Amino acid sequence: MADLAFLGPEGTFTHRAAIDLARDGERLVALDHADEVIAAIAGGTADGAVIAFENSLDGPVAANLDLLIATDEDVVIVSERVIPVAFDLWRLPGDDAPLTGVISHPVGLAQCQTFIRGQDLATRGASSNAAACRDVAEEARPGWAALAGPDAGEQFGLVATERGIRDDERAATRFLRLGHRSPGPTGRDRSAFVLFPAQDRAGSLVSLLQEFSGRGVNMTAIKSRPTKELLGEYVFFVEVEGHLHDARVRDATLGLLSRSVDVRFLGSYPEDPTRPESRRGQDDDADEQRRLAAMLARTER
């Protein structure tokens, strides 16, 4: 039986993503730490792994991005799942004390700041939202609750007293499934790379990115991360539209490989079909003209 590792315990948003990304016959294996999840796929003890990668409001999950960058080259992204995120307030049954504090994953706390500040609540981080529910159940501190997903609290005997808590209705988190071989092109794909540009050469990163832009390849993300070896040295995660087998992406990759730069291929993978299409449309040119006119109106000739 094949195993799919994910950051446990059950009841987290990552667990829900793992259920969606699992293949027929796969057994879901909950692990305690993200580095263990990555190590499971890198070391071959699991056939796949699911990690939280990016939140629409809070940006990339930096720790998981760093873990992904540090893996061996045979680990690649094979699919993604985008899940709308809202939190329920999970409390002990019968706890009628005034709410004084909440526990959640740090990303969850960041997504519920309006609720937290509005009630002047103390906060505490947990390794996962389900772990936050477990802590509330085990500690039994009056006035403390967990902010977690709709599947998280019942298994620990908690009750949801408020539902749908979030700062923004557009909040969503992207999860990645990792494996050892990327699937073929579908016509709506993304490809990811890690670039290690020359640190002592002005414009080296720009020249690398021009390999994509010069061929009309749309870059959907570029994120810098420290090398953790020397202060001021960075590597760059780049995500583009298209599959490595697409002519423009393939040619851009050849252009990168022809330069004196280290290039790590992180995989080509289909977009989640629920992800919205690109916002750019036929009316963009007219909109850009209007915006330019508004800027010019605030200047003197």
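# Exercises on a predicted model

Buried residues make up 46% of the 301 residues in the chain. The structure is a predicted model, and the chain has nine helices and 15 strands. Taken along the principal axes, its C-alpha atoms fill a box of roughly 65 × 65 × 40 Å. Among contacts between residues at least 6 apart in sequence, 74% join residues at least 24 apart.

## Exercise 1: the nonpolar cores

Task: Find out how many residues the largest nonpolar core has, which of them have the most contacts inside it, and which elements give two or more residues to it.

Solution. Step one is the count, which comes to 24 residues, and those with the most contacts inside this core are Val50, Leu89, Phe115, Ile116 and Leu147. Step two turns to the elements: two or more residues are given by each of strand S1 (3-7), helix H1 (13-21), strand S3 (48-55), strand S6 (87-91), helix H5 (113-118) and strand S9 (144-148). Of these elements, H1 gives the most, with four residues.

Step three follows one residue, Leu89, and sets aside its neighbours within four places in sequence; its contacts then include Leu99, Val102, Phe115, Ala145, Ala146, Leu147, Val159 and Ile165. Step four adds that there is a second, separate core of 23 residues, with Ala46, Ala192, Val235 and Tyr269 among them.

## Exercise 2: strand S5

Task: Decide whether strand S5 (residues 76-84) is largely enclosed or largely open, and explain why.

Solution. A residue counts as buried when its relative accessible area is under 20%. Seven of the nine residues of S5 are buried by this cut-off, so the strand is largely enclosed by the rest of the structure. The next step looks at a partner of this strand: S5 pairs with strand S11 (residues 172-179) in the antiparallel sense, over eight bridges. Within this pairing, Ile77 stands opposite Leu178 in S11.

## Exercise 3: three loop residues

Task: For Ala22, Asp120 and Ala140, state the loop in which each is found, and then decide whether each is exposed or partly exposed.

Solution. The cut-off needed here is that exposed means over 50% relative accessible area, while partly exposed covers values between 20% and 50%.

- Ala22 lies in the loop between H1 and strand S2 (27-31), and since its relative accessible area is 26%, it is partly exposed. Its C-alpha atom is separated by 9.1 Å from that of Asp3, although the two residues are 19 residues apart along the chain. Leaving aside neighbours within four places in sequence, Ala22 is in contact with Leu4, Leu28 and Arg177.
- Asp120 has its place in the loop between H5 and strand S8 (122-125), and because its relative accessible area is 69%, it is exposed. Its phi is near 55°, a positive value in a residue other than glycine.
- Ala140 is found in the loop between H6 and S9, and with a relative accessible area of 42% it is partly exposed. Although Ala140 is not a glycine, its phi is positive, at about 50°.

## Exercise 4: a cavity and a pocket

Task: Describe the largest cavity and the second largest pocket by volume, and then describe the lining of each by its residues and their classes.

Solution. Begin with the cavity. A search of the whole structure finds one cavity of 30 Å³ or more, and the largest cavity has a volume of about 30 Å³. The residues that line this cavity are Ile103, Asp135, Val136, Glu139, Arg141 and Trp144. Helix H6 (residues 129-139) supplies the largest share of this lining, with three residues. Sorted by class, the lining of the cavity has three nonpolar, no polar and three charged residues.

Now take the second largest pocket, in which about 350 Å³ of space lies. Its lining has 23 residues, and those nearest its centre are Thr14, Ala52, His105, Val107 and Phe175. The elements that give two or more residues to this lining are H1, helix H2 (34-43), S3, helix H4 (106-110) and S11, and S3 gives the most, with four residues. The final step is again the sorting by class, which finds 12 nonpolar, 11 polar and no charged residues in the lining of this pocket.

Methods:
Residues numbered from 1 in each chain as written. Predicted model: local features only at pLDDT ≥ 70, side-chain atom pairs only at ≥ 80, totals over all residues. Heavy atoms only, no water. Core = buried A, V, L, I, M, F, W, Y, C linked by side-chain atoms within 4.5 Å. Buried < 20%, exposed > 50% of the residue type's maximum accessible area, 1.4 Å probe, protein only. Contact = heavy atoms within 4.5 Å. Pairing = 2+ DSSP bridges. 1 Å grid on protein atoms, 1.4 Å probe; cavity = no way out; pocket = protein on both sides within 12 Å on 5 of 7 lines; lining within 4 Å. Points joined across faces, edges and corners; volume = space filled by probe spheres on them. Nonpolar A, V, L, I, M, F, W, Y, C, P; charged D, E, K, R; others polar.
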